Amino acid sequence: MATELTQIHKNHLSRWISSSKKHKYTLLYKISRDGCCSTTFHSFCDNKGPTVTILYNTNNSVYGGYTAVSWNSNGAYAIDAKAFLFRLEYNGSNQPMKFPIKTNGTNAIYGHASYGPTFGGHDLHSFANTVNKSGTYFPLNGNVNGWGVTYDFQGQNYNSVMNGNLQVLDLEVYSVEEQELLQKPWIQDVEWSSKLEEDIKDKVAMYKPLPGLDLKQVRILLVGQVGAGKSSYFNTINSIFRGHISGQANAGSAEHSLTTTYRVYQVRDGYAGKPLNFRLCDTRGLEEDQGLDDHEVGYLLDGHVPDRYKFNPAVPLTPDTIGFVKNPKLADRIHCVVFVLDGSTVDVTPDKVMERIKSMQMRMNQRGIPQVVLLTKIDRICAEVSDDIRRVFFSPAMKECVDRVATVMGLPRSHILPVKNYESEVELDQNTNILSLLSLRRMLHFVDDFLYNKLDEMEDAKAQQNVIKE
Ligand SMILES: Nc1nc2c(ncn2[C@@H]2O[C@H](COP(=O)(O)OP(=O)(O)OP(=O)(O)O)[C@@H](O)[C@H]2O)c(=O)[nH]1
Ligand SMILES: [Mg+2]
(Lines give C-alpha, C1' and ligand atoms only; values in the text may rest on other atoms or scores of the structure.)
(Ligands and ions follow the chains in the order given, each with its own letter.)
Protein backbone atom coordinates (compact mmCIF):
# COMPACT_ATOMS: atom_id res chain seq x y z
CA MET A 1 0.00 0.00 0.00
CA ALA A 2 1.21 3.50 -0.83
CA THR A 3 1.74 5.39 2.42
CA GLU A 4 1.17 8.78 0.93
CA LEU A 5 -1.86 11.03 0.77
CA THR A 6 -3.45 10.57 -2.66
CA GLN A 7 -5.39 13.16 -4.58
CA ILE A 8 -8.61 11.30 -3.81
CA HIS A 9 -7.81 11.44 -0.09
CA LYS A 10 -7.05 15.15 -0.36
CA ASN A 11 -10.38 15.73 -2.10
CA HIS A 12 -12.30 14.04 0.72
CA LEU A 13 -10.39 15.95 3.37
CA SER A 14 -10.87 19.28 1.58
CA ARG A 15 -14.59 18.71 1.31
CA TRP A 16 -14.76 17.94 5.04
CA ILE A 17 -12.57 20.89 6.06
CA SER A 18 -14.52 23.40 3.98
CA SER A 19 -16.57 22.52 0.94
CA SER A 20 -16.11 25.96 -0.63
CA LYS A 21 -12.30 26.19 -0.39
CA LYS A 22 -9.31 24.47 -1.99
CA HIS A 23 -6.37 23.38 0.11
CA LYS A 24 -2.68 22.86 -0.23
CA TYR A 25 -1.15 19.96 1.71
CA THR A 26 2.51 20.15 2.65
CA LEU A 27 4.18 17.19 4.30
CA LEU A 28 5.71 18.23 7.64
CA TYR A 29 6.45 14.93 9.32
CA LYS A 30 6.54 11.28 8.30
CA ILE A 31 7.66 8.61 10.77
CA SER A 32 9.13 6.29 8.12
CA ARG A 33 11.34 9.18 6.99
CA ASP A 34 11.92 11.19 10.18
CA GLY A 35 11.64 8.54 12.90
CA CYS A 36 8.78 7.99 15.33
CA CYS A 37 9.78 10.32 18.14
CA SER A 38 7.59 12.85 19.99
CA THR A 39 10.28 15.56 20.11
CA THR A 40 10.84 15.30 16.35
CA PHE A 41 7.08 15.50 15.79
CA HIS A 42 6.85 18.67 17.89
CA SER A 43 9.91 20.30 16.38
CA PHE A 44 8.48 19.75 12.87
CA CYS A 45 4.79 20.40 13.56
CA ASP A 46 4.32 22.84 16.47
CA ASN A 47 2.96 26.29 15.60
CA LYS A 48 2.32 25.39 11.99
CA GLY A 49 -1.43 26.21 11.91
CA PRO A 50 -4.02 23.71 10.66
CA THR A 51 -2.74 20.16 10.10
CA VAL A 52 -4.01 16.75 9.19
CA THR A 53 -2.53 13.59 10.73
CA ILE A 54 -2.85 10.37 8.73
CA LEU A 55 -2.10 6.82 9.83
CA TYR A 56 -1.68 3.92 7.41
CA ASN A 57 -2.04 0.63 9.22
CA THR A 58 -0.88 -2.87 8.35
CA ASN A 59 -4.45 -3.86 7.35
CA ASN A 60 -4.47 -1.25 4.56
CA SER A 61 -6.76 1.05 6.49
CA VAL A 62 -6.15 4.80 6.39
CA TYR A 63 -7.47 7.09 9.12
CA GLY A 64 -6.52 10.12 11.20
CA GLY A 65 -7.50 13.53 12.46
CA TYR A 66 -7.70 17.16 11.42
CA THR A 67 -7.20 20.18 13.62
CA ALA A 68 -7.47 23.84 12.65
CA VAL A 69 -5.25 24.90 15.58
CA SER A 70 -1.49 24.47 15.90
CA TRP A 71 0.15 21.61 17.71
CA ASN A 72 2.00 22.62 20.90
CA SER A 73 4.16 21.04 23.61
CA ASN A 74 2.45 22.75 26.57
CA GLY A 75 0.93 19.70 28.24
CA ALA A 76 -2.56 21.14 27.68
CA TYR A 77 -5.72 20.59 25.69
CA ALA A 78 -6.60 23.05 22.91
CA ILE A 79 -10.09 24.11 21.84
CA ASP A 80 -11.02 23.60 18.21
CA ALA A 81 -14.63 23.39 17.05
CA LYS A 82 -13.47 22.53 13.53
CA ALA A 83 -11.46 19.44 14.50
CA PHE A 84 -12.59 16.02 13.34
CA LEU A 85 -11.34 12.46 13.09
CA PHE A 86 -11.90 10.45 9.94
CA ARG A 87 -11.54 7.18 8.12
CA LEU A 88 -10.52 7.22 4.45
CA GLU A 89 -9.95 3.55 3.68
CA TYR A 90 -10.78 0.32 5.42
CA ASN A 91 -8.98 -2.92 4.51
CA GLY A 92 -7.83 -1.33 1.25
CA SER A 93 -11.21 -0.09 0.07
CA ASN A 94 -12.39 3.48 -0.09
CA GLN A 95 -14.73 4.02 2.89
CA PRO A 96 -14.57 7.70 3.74
CA MET A 97 -16.32 8.82 6.91
CA LYS A 98 -16.01 11.99 8.98
CA PHE A 99 -16.21 11.82 12.79
CA PRO A 100 -17.02 15.36 14.00
CA ILE A 101 -16.13 16.80 17.38
CA LYS A 102 -19.10 16.74 19.76
CA THR A 103 -17.93 19.04 22.56
CA ASN A 104 -18.11 22.46 20.88
CA GLY A 105 -14.36 22.16 20.46
CA THR A 106 -13.25 21.47 24.06
CA ASN A 107 -10.37 18.98 24.39
CA ALA A 108 -9.98 18.75 20.62
CA ILE A 109 -6.25 18.00 20.74
CA TYR A 110 -3.72 17.41 23.49
CA GLY A 111 -0.23 18.84 23.07
CA HIS A 112 2.49 17.29 25.20
CA ALA A 113 6.25 17.20 24.57
CA SER A 114 6.35 13.43 25.13
CA TYR A 115 3.28 12.67 23.02
CA GLY A 116 2.81 12.25 19.30
CA PRO A 117 -0.45 13.55 17.73
CA THR A 118 -3.24 13.09 20.29
CA PHE A 119 -6.89 13.86 19.65
CA GLY A 120 -9.62 14.22 22.30
CA GLY A 121 -9.39 12.80 25.76
CA HIS A 122 -7.98 10.55 24.32
CA ASP A 123 -10.08 9.26 21.43
CA LEU A 124 -6.83 8.74 19.54
CA HIS A 125 -3.45 8.93 21.23
CA SER A 126 -0.93 7.83 18.62
CA PHE A 127 2.32 7.34 20.55
CA ALA A 128 4.55 8.52 23.38
CA ASN A 129 8.32 9.17 23.39
CA THR A 130 10.09 6.99 20.78
CA VAL A 131 8.77 3.93 18.96
CA ASN A 132 11.16 1.76 17.02
CA LYS A 133 10.20 -0.03 13.85
CA SER A 134 9.53 -3.74 14.16
CA GLY A 135 10.16 -5.30 10.75
CA THR A 136 7.97 -3.38 8.29
CA TYR A 137 5.76 -1.54 10.77
CA PHE A 138 5.73 0.68 13.85
CA PRO A 139 3.91 -0.88 16.83
CA LEU A 140 2.60 2.43 18.19
CA ASN A 141 2.40 2.57 21.99
CA GLY A 142 -0.60 4.93 22.17
CA ASN A 143 -4.20 3.99 22.84
CA VAL A 144 -7.86 4.76 22.11
CA ASN A 145 -8.99 4.55 25.74
CA GLY A 146 -11.26 7.58 25.35
CA TRP A 147 -12.97 6.33 22.18
CA GLY A 148 -16.06 8.46 21.58
CA VAL A 149 -15.44 10.79 24.56
CA THR A 150 -14.73 13.84 22.42
CA TYR A 151 -15.54 12.75 18.85
CA ASP A 152 -18.73 11.27 17.44
CA PHE A 153 -17.71 8.01 15.79
CA GLN A 154 -21.13 7.59 14.15
CA GLY A 155 -21.56 4.07 15.47
CA GLN A 156 -18.11 2.93 14.31
CA ASN A 157 -15.77 1.21 16.72
CA TYR A 158 -12.03 0.63 17.15
CA ASN A 159 -12.24 -2.44 14.91
CA SER A 160 -14.20 -0.87 12.08
CA VAL A 161 -11.88 2.12 11.81
CA MET A 162 -8.44 0.92 12.93
CA ASN A 163 -8.79 -2.87 12.80
CA GLY A 164 -8.41 -2.91 16.58
CA ASN A 165 -4.66 -2.20 16.55
CA LEU A 166 -2.13 0.59 16.24
CA GLN A 167 0.39 -1.19 14.04
CA VAL A 168 1.14 1.32 11.33
CA LEU A 169 3.31 1.38 8.23
CA ASP A 170 3.41 5.13 8.48
CA LEU A 171 2.08 8.22 10.19
CA GLU A 172 2.19 11.56 8.43
CA VAL A 173 1.36 15.13 9.38
CA TYR A 174 0.57 17.65 6.65
CA SER A 175 0.02 21.37 7.05
CA VAL A 176 -3.21 22.53 5.41
CA GLU A 177 -3.42 25.95 3.78
CA GLU A 178 -6.43 27.47 2.06
CA GLN A 179 -5.93 28.13 -1.62
CA GLU A 180 -7.88 30.38 -3.93
CA LEU A 181 -8.21 29.83 -7.69
CA LEU A 182 -5.15 31.19 -9.50
CA GLN A 183 -5.27 34.83 -10.61
CA LYS A 184 -3.44 33.90 -13.80
CA PRO A 185 -4.00 30.60 -15.63
CA TRP A 186 -1.13 28.08 -15.49
CA ILE A 187 -1.33 27.86 -19.27
CA GLN A 188 -3.16 30.05 -21.76
CA ASP A 189 -6.93 29.91 -21.20
CA VAL A 190 -9.39 29.61 -24.08
CA GLU A 191 -12.72 31.16 -24.97
CA TRP A 192 -15.18 28.43 -23.95
CA SER A 193 -17.79 28.95 -26.66
CA SER A 194 -19.75 26.93 -29.19
CA LYS A 195 -17.77 28.80 -31.86
CA LEU A 196 -14.48 27.50 -30.46
CA GLU A 197 -15.90 24.00 -30.28
CA GLU A 198 -17.00 24.16 -33.92
CA ASP A 199 -13.68 25.72 -35.04
CA ILE A 200 -11.48 23.02 -33.47
CA LYS A 201 -13.84 20.27 -34.53
CA ASP A 202 -13.64 21.51 -38.13
CA LYS A 203 -9.86 21.81 -37.98
CA VAL A 204 -9.52 18.27 -36.70
CA ALA A 205 -12.05 16.97 -39.22
CA MET A 206 -10.20 18.67 -42.08
CA TYR A 207 -6.77 17.51 -40.92
CA LYS A 208 -4.64 16.06 -43.70
CA PRO A 209 -1.15 14.65 -43.24
CA LEU A 210 1.67 16.52 -44.93
CA PRO A 211 1.63 15.95 -48.71
CA GLY A 212 4.61 14.24 -50.30
CA LEU A 213 4.78 11.36 -47.83
CA ASP A 214 2.20 9.06 -49.38
CA LEU A 215 0.25 9.05 -46.13
CA LYS A 216 -3.54 9.10 -45.85
CA GLN A 217 -3.98 8.70 -42.12
CA VAL A 218 -1.68 9.32 -39.17
CA ARG A 219 -1.43 7.09 -36.13
CA ILE A 220 -1.50 8.18 -32.51
CA LEU A 221 -0.59 5.51 -29.96
CA LEU A 222 -2.25 5.52 -26.52
CA VAL A 223 -0.18 3.82 -23.79
CA GLY A 224 -0.46 3.92 -20.02
CA GLN A 225 -1.31 2.14 -16.81
CA VAL A 226 -4.33 -0.16 -16.56
CA GLY A 227 -7.47 1.90 -16.04
CA ALA A 228 -5.85 5.23 -16.93
CA GLY A 229 -8.57 6.02 -19.49
CA LYS A 230 -7.03 5.07 -22.87
CA SER A 231 -10.13 3.38 -24.27
CA SER A 232 -12.33 6.07 -22.72
CA TYR A 233 -10.36 8.74 -24.59
CA PHE A 234 -11.08 7.06 -27.90
CA ASN A 235 -14.76 6.79 -26.84
CA THR A 236 -14.78 10.50 -25.95
CA ILE A 237 -13.36 11.60 -29.30
CA ASN A 238 -15.55 9.13 -31.14
CA SER A 239 -18.63 10.43 -29.31
CA ILE A 240 -17.85 14.02 -30.25
CA PHE A 241 -17.74 13.19 -33.96
CA ARG A 242 -20.65 10.73 -33.75
CA GLY A 243 -22.78 13.42 -32.14
CA HIS A 244 -23.81 11.33 -29.17
CA ILE A 245 -22.17 9.34 -26.37
CA SER A 246 -20.72 6.13 -27.72
CA GLY A 247 -18.95 3.25 -26.02
CA GLN A 248 -17.42 1.52 -29.01
CA ALA A 249 -14.26 0.61 -27.10
CA ASN A 250 -14.71 -1.50 -24.04
CA ALA A 251 -13.90 0.67 -21.01
CA GLY A 252 -14.27 0.03 -17.30
CA SER A 253 -12.49 -1.19 -14.21
CA ALA A 254 -10.78 -4.52 -13.86
CA GLU A 255 -7.80 -5.84 -11.95
CA HIS A 256 -5.86 -6.42 -15.15
CA SER A 257 -6.14 -4.54 -18.42
CA LEU A 258 -9.66 -4.58 -19.81
CA THR A 259 -8.26 -3.98 -23.27
CA THR A 260 -6.52 -7.14 -24.39
CA THR A 261 -6.60 -6.55 -28.13
CA TYR A 262 -4.66 -3.91 -30.05
CA ARG A 263 -7.12 -1.70 -31.88
CA VAL A 264 -6.29 0.86 -34.53
CA TYR A 265 -9.54 2.80 -34.29
CA GLN A 266 -10.96 5.04 -36.97
CA VAL A 267 -13.16 7.98 -36.10
CA ARG A 268 -15.91 8.85 -38.59
CA ASP A 269 -17.22 12.31 -39.22
CA GLY A 270 -20.88 12.05 -38.26
CA TYR A 271 -23.14 9.06 -38.45
CA ALA A 272 -21.79 6.65 -41.10
CA GLY A 273 -19.53 9.50 -42.27
CA LYS A 274 -16.16 9.16 -43.88
CA PRO A 275 -13.19 8.22 -41.69
CA LEU A 276 -11.08 11.11 -40.46
CA ASN A 277 -7.38 11.22 -41.29
CA PHE A 278 -6.09 10.06 -37.95
CA ARG A 279 -6.34 6.82 -36.06
CA LEU A 280 -6.22 6.27 -32.33
CA CYS A 281 -4.33 3.10 -31.44
CA ASP A 282 -5.54 1.58 -28.17
CA THR A 283 -3.24 -0.77 -26.29
CA ARG A 284 -3.27 -3.11 -23.35
CA GLY A 285 -2.53 -1.31 -20.06
CA LEU A 286 0.84 -1.28 -18.34
CA GLU A 287 1.13 -3.20 -15.09
CA GLU A 288 3.95 -3.75 -12.62
CA ASP A 289 4.67 -7.30 -13.70
CA GLN A 290 2.65 -7.85 -16.84
CA GLY A 291 0.87 -6.06 -19.63
CA LEU A 292 2.44 -4.40 -22.62
CA ASP A 293 6.19 -5.06 -22.58
CA ASP A 294 9.13 -3.12 -23.92
CA HIS A 295 9.66 -5.45 -26.78
CA GLU A 296 6.06 -5.09 -27.96
CA VAL A 297 6.34 -1.33 -27.70
CA GLY A 298 9.23 -1.36 -30.18
CA TYR A 299 7.13 -3.41 -32.63
CA LEU A 300 4.13 -1.13 -32.10
CA LEU A 301 6.14 2.02 -32.78
CA ASP A 302 7.62 0.60 -35.97
CA GLY A 303 4.22 -0.55 -37.27
CA HIS A 304 4.76 -4.33 -37.11
CA VAL A 305 1.67 -5.03 -35.00
CA PRO A 306 -1.56 -5.75 -36.89
CA ASP A 307 -4.92 -4.30 -35.92
CA ARG A 308 -6.82 -6.69 -33.59
CA TYR A 309 -3.63 -8.41 -32.45
CA LYS A 310 -4.41 -10.17 -29.18
CA PHE A 311 -1.77 -9.37 -26.56
CA ASN A 312 -0.78 -12.53 -24.76
CA PRO A 313 1.78 -12.26 -21.94
CA ALA A 314 2.51 -16.00 -22.26
CA VAL A 315 3.25 -15.86 -25.99
CA PRO A 316 5.22 -12.77 -26.93
CA LEU A 317 4.93 -11.22 -30.37
CA THR A 318 7.65 -12.31 -32.81
CA PRO A 319 8.16 -11.89 -36.57
CA ASP A 320 6.59 -15.37 -36.92
CA THR A 321 3.31 -14.33 -35.29
CA ILE A 322 0.39 -14.49 -37.72
CA GLY A 323 -0.34 -11.04 -39.15
CA PHE A 324 3.07 -9.60 -38.13
CA VAL A 325 3.66 -6.70 -40.52
CA LYS A 326 7.07 -7.60 -41.94
CA ASN A 327 7.80 -4.49 -43.96
CA PRO A 328 5.88 -1.63 -42.41
CA LYS A 329 5.54 1.60 -44.35
CA LEU A 330 5.46 5.09 -42.89
CA ALA A 331 1.64 4.77 -42.85
CA ASP A 332 1.86 1.74 -40.51
CA ARG A 333 4.15 3.45 -38.05
CA ILE A 334 3.28 5.50 -34.98
CA HIS A 335 3.57 9.24 -35.51
CA CYS A 336 2.91 10.46 -31.97
CA VAL A 337 2.80 8.68 -28.62
CA VAL A 338 0.36 9.66 -25.92
CA PHE A 339 1.10 8.57 -22.36
CA VAL A 340 -2.28 8.36 -20.70
CA LEU A 341 -1.95 9.08 -16.96
CA ASP A 342 -4.74 9.08 -14.40
CA GLY A 343 -4.39 12.53 -12.83
CA SER A 344 -6.08 11.45 -9.60
CA THR A 345 -3.54 8.72 -8.81
CA VAL A 346 -0.49 9.90 -10.70
CA ASP A 347 1.26 10.69 -7.41
CA VAL A 348 1.12 7.02 -6.43
CA THR A 349 2.00 5.40 -9.75
CA PRO A 350 4.05 2.30 -8.83
CA ASP A 351 7.80 2.76 -9.35
CA LYS A 352 7.91 -0.24 -11.69
CA VAL A 353 5.27 1.25 -13.98
CA MET A 354 7.15 4.56 -14.00
CA GLU A 355 10.38 2.73 -14.87
CA ARG A 356 8.61 1.05 -17.80
CA ILE A 357 7.29 4.37 -19.04
CA LYS A 358 10.79 5.84 -18.83
CA SER A 359 12.31 2.97 -20.77
CA MET A 360 9.59 3.37 -23.43
CA GLN A 361 10.44 7.04 -23.67
CA MET A 362 14.00 6.06 -24.55
CA ARG A 363 12.74 3.97 -27.45
CA MET A 364 10.63 6.87 -28.65
CA ASN A 365 13.47 9.35 -28.35
CA GLN A 366 15.70 7.03 -30.39
CA ARG A 367 13.08 7.13 -33.16
CA GLY A 368 12.36 10.85 -32.81
CA ILE A 369 8.68 10.20 -32.08
CA PRO A 370 6.98 13.08 -30.27
CA GLN A 371 5.45 12.36 -26.88
CA VAL A 372 2.65 14.01 -24.96
CA VAL A 373 0.84 13.19 -21.74
CA LEU A 374 -2.92 12.96 -21.60
CA LEU A 375 -3.86 13.71 -18.00
CA THR A 376 -7.25 12.07 -17.45
CA LYS A 377 -9.80 12.13 -14.64
CA ILE A 378 -9.23 15.81 -13.92
CA ASP A 379 -12.70 15.84 -12.38
CA ARG A 380 -11.11 13.83 -9.55
CA ILE A 381 -8.12 16.13 -9.12
CA CYS A 382 -10.06 19.22 -8.22
CA ALA A 383 -13.67 19.60 -7.05
CA GLU A 384 -13.90 23.04 -8.66
CA VAL A 385 -12.96 21.58 -12.03
CA SER A 386 -15.44 18.78 -11.49
CA ASP A 387 -18.15 21.42 -10.97
CA ASP A 388 -17.05 23.49 -13.95
CA ILE A 389 -14.48 22.25 -16.43
CA ARG A 390 -13.70 25.80 -17.55
CA ARG A 391 -11.71 26.28 -14.33
CA VAL A 392 -9.12 23.74 -15.44
CA PHE A 393 -6.43 26.31 -16.25
CA PHE A 394 -7.06 28.26 -13.02
CA SER A 395 -7.00 25.39 -10.57
CA PRO A 396 -3.96 25.32 -8.24
CA ALA A 397 -4.42 21.55 -7.79
CA MET A 398 -4.27 21.11 -11.58
CA LYS A 399 -1.18 23.29 -11.80
CA GLU A 400 0.54 21.26 -9.08
CA CYS A 401 -0.37 17.99 -10.81
CA VAL A 402 0.74 19.19 -14.26
CA ASP A 403 4.04 20.49 -12.86
CA ARG A 404 4.71 17.17 -11.14
CA VAL A 405 3.94 15.17 -14.28
CA ALA A 406 6.04 17.49 -16.45
CA THR A 407 9.03 17.03 -14.13
CA VAL A 408 8.68 13.25 -13.85
CA MET A 409 8.24 12.80 -17.60
CA GLY A 410 10.90 15.35 -18.53
CA LEU A 411 8.44 17.13 -20.82
CA PRO A 412 7.47 20.80 -21.03
CA ARG A 413 4.17 21.83 -19.43
CA SER A 414 2.73 22.46 -22.89
CA HIS A 415 3.00 18.72 -23.61
CA ILE A 416 0.69 17.83 -20.71
CA LEU A 417 -2.89 17.80 -21.95
CA PRO A 418 -5.67 17.61 -19.34
CA VAL A 419 -8.96 15.94 -20.25
CA LYS A 420 -12.17 14.76 -18.71
CA ASN A 421 -13.33 11.65 -20.53
CA TYR A 422 -16.95 10.72 -20.84
CA GLU A 423 -17.54 7.92 -18.35
CA SER A 424 -21.06 8.03 -16.97
CA GLU A 425 -22.61 10.88 -18.97
CA VAL A 426 -25.53 10.32 -21.31
CA GLU A 427 -25.32 13.64 -23.16
CA LEU A 428 -22.41 15.46 -24.77
CA ASP A 429 -21.19 18.60 -23.02
CA GLN A 430 -19.70 21.57 -24.87
CA ASN A 431 -16.84 22.24 -22.44
CA THR A 432 -15.86 18.58 -22.14
CA ASN A 433 -15.78 18.47 -25.94
CA ILE A 434 -13.63 21.61 -26.17
CA LEU A 435 -10.99 20.27 -23.78
CA SER A 436 -10.82 16.90 -25.55
CA LEU A 437 -10.67 18.51 -28.99
CA LEU A 438 -7.91 20.85 -27.82
CA SER A 439 -5.87 17.83 -26.76
CA LEU A 440 -6.44 16.09 -30.10
CA ARG A 441 -5.49 19.18 -32.06
CA ARG A 442 -2.25 19.45 -30.06
CA MET A 443 -1.51 15.79 -30.83
CA LEU A 444 -1.98 16.44 -34.54
CA HIS A 445 0.44 19.38 -34.31
CA PHE A 446 3.00 17.04 -32.79
CA VAL A 447 2.33 14.51 -35.55
CA ASP A 448 3.07 17.26 -38.07
CA ASP A 449 6.41 18.00 -36.40
CA PHE A 450 7.35 14.35 -36.84
CA LEU A 451 6.18 14.31 -40.47
CA TYR A 452 8.13 17.48 -41.34
CA ASN A 453 11.24 15.74 -40.01
CA LYS A 454 10.46 12.68 -42.16
CA LEU A 455 9.95 14.87 -45.21
CA ASP A 456 13.27 16.63 -44.58
CA GLU A 457 14.94 13.24 -44.19
CA MET A 458 13.46 11.98 -47.46
CA GLU A 459 14.39 15.12 -49.34
CA ASP A 460 17.93 15.06 -47.93
CA ALA A 461 18.28 11.40 -48.95
CA LYS A 462 17.05 12.20 -52.46
CA ALA A 463 19.45 15.11 -52.77
CA GLN A 464 22.30 12.82 -51.65
CA GLN A 465 21.37 10.26 -54.29
CA ASN A 466 21.34 12.94 -56.96
CA VAL A 467 24.80 14.08 -55.88
CA ILE A 468 26.05 10.47 -56.12
CA LYS A 469 24.49 10.06 -59.58
CA GLU A 470 26.14 13.26 -60.82
N1 LIG B 1 -14.14 10.27 -13.47
C2 LIG B 1 -13.52 9.88 -14.57
N3 LIG B 1 -13.45 8.56 -14.86
C4 LIG B 1 -12.80 8.20 -15.99
C5 LIG B 1 -12.18 9.14 -16.86
N6 LIG B 1 -11.58 8.45 -17.87
C7 LIG B 1 -11.82 7.14 -17.64
N8 LIG B 1 -12.57 6.99 -16.52
C9 LIG B 1 -13.02 5.72 -15.93
O10 LIG B 1 -11.86 4.94 -15.61
C11 LIG B 1 -12.09 3.56 -15.83
C12 LIG B 1 -11.02 2.97 -16.75
O13 LIG B 1 -11.12 3.55 -18.03
P14 LIG B 1 -10.64 2.79 -19.36
O15 LIG B 1 -10.84 3.75 -20.48
O16 LIG B 1 -11.20 1.44 -19.46
O17 LIG B 1 -9.08 2.68 -19.06
P18 LIG B 1 -7.96 1.96 -19.97
O19 LIG B 1 -6.74 2.82 -19.85
O20 LIG B 1 -8.46 1.69 -21.34
O21 LIG B 1 -7.74 0.62 -19.14
P22 LIG B 1 -7.23 -0.84 -19.64
O23 LIG B 1 -7.78 -1.12 -21.00
O24 LIG B 1 -7.81 -1.76 -18.59
O25 LIG B 1 -5.74 -0.80 -19.62
C26 LIG B 1 -13.49 3.47 -16.42
O27 LIG B 1 -14.38 3.11 -15.40
C28 LIG B 1 -13.79 4.86 -16.91
O29 LIG B 1 -15.16 5.17 -16.88
C30 LIG B 1 -12.27 10.54 -16.52
O31 LIG B 1 -11.75 11.44 -17.20
N32 LIG B 1 -12.95 10.83 -15.37
MG1 LIG C 1 -8.65 -0.03 -22.43
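A residue counts as near a molecule when its C-beta atom, placed from the backbone, lies within 6 Å of it. By that yardstick, 24 residues surround ligand 1, with Gly229, Ser232, Thr259, Gly285 and Glu423 as the closest. Keep in mind that this is a predicted model. The chain has 470 residues, 41% of them buried, and its domain assignment splits it into domain 1 (7-179) and domain 2 (194-469).

**The chain as a whole**

- Counting up the secondary structure, you get 11 helices and 19 strands.
- The C-alpha trace measures out at about 90 × 50 × 40 Å along its principal axes.
- Take the contacts between residues at least 6 apart in sequence: 72% of them join residues at least 24 apart.

**Around ligand 1**

- Helix α6, residues 230-242, gives the most to the shell, and its share is three residues.
- By type, the shell around ligand 1 breaks down into 12 polar residues, six nonpolar and six charged.

**Where the two domains meet**

- The centres of domain 1 and domain 2, taken over C-alpha atoms, are 41 Å apart.
- The contact between them involves eight residues from domain 1 and nine from domain 2.
- On the domain 1 side, α1 (7-17) and β1 (22-30) each put in at least two residues.
- Helix α1 has the largest share of that side, with five residues.
- Four of the residues on the domain 1 side are polar, three are charged and one is nonpolar.

**His9, a residue of α1**

- His9 sits in helix α1.
- Is His9 buried or exposed? His9 is buried, because 21 other C-beta atoms lie within 10 Å and the cut-off for buried is 20 or more.
- Leaving aside residues up to four places away in sequence, His9 touches Val62 and Leu88.
- Pro96 is 87 residues from His9 along the chain, yet the C-alpha atoms of the two are separated by 8.6 Å.

**The six-stranded sheet**

- Reading across this open sheet, the order is β15-β16-β14-β17-β18-β19, and the pairing is mixed.
- The edge strands are β15 (263-268) and β19 (416-418); each has a single partner strand, so one side of each has no neighbour in the sheet.
- From one strand to the next, the twist averages 30 degrees.
- Strands in a sheet pair through backbone hydrogen bonds, in either a parallel or an antiparallel sense.
- β14 (residues 218-224) and β17 (residues 336-342) go the parallel way, over five bridges.
- In that part of the sheet, Leu222 stands opposite Val338 of β17.
- Helix α11 (residues 430-469) packs on the sheet and touches β14, β16 (275-282), β17, β18 (371-376) and β19.
- The direction of α11 makes about 145 degrees with that of β17.

**A closer look at β18**

- β17 and β18 run parallel and are joined by six bridges.
- Val340 has Leu374 as its bridge partner in β18.
- How many of the six residues of β18 are buried? Six of the six are, so β18 is largely enclosed by the rest of the structure.
- Both faces of β18 are covered, with Gln371, Val373 and Leu375 buried on one side and Val372, Leu374 and Thr376 buried on the other.

**Two residues with positive phi**

- As background, most residues other than glycine have a negative phi.
- Gln154 has a positive phi near 50 degrees, and it is not a glycine.
- Gln154 belongs to the loop between β12 (138-139) and α4 (158-162).
- Gln154 counts as exposed because it has 12 C-beta neighbours inside 10 Å, and 12 or fewer is the limit for that class.
- Asn163, another non-glycine, has a positive phi of about 55 degrees.
- You'll find Asn163 in the loop between α4 and β13 (167-179).
- Asn163 is partly exposed, because 17 other C-beta atoms lie within 10 Å, a count between the cut-offs of 12 or fewer for exposed and 20 or more for buried.

Note on methods
Residues numbered from 1 in each chain as written. Chains lettered and ligands numbered in written order. Predicted model: local features only at pLDDT ≥ 70, side-chain atom pairs only at ≥ 80, totals over all residues. Domains from an automatic or database assignment. Contact = placed C-beta atoms within 7 Å. Helix = DSSP H or I, 4+ residues; strand = E, 2+ residues; numbered from the N terminus. Nonpolar A, V, L, I, M, F, W, Y, C, P; charged D, E, K, R; others polar. Pairing = 2+ DSSP bridges. Axes fitted to C-alpha atoms, helices over the stretch in contact; angles between N-to-C directions.
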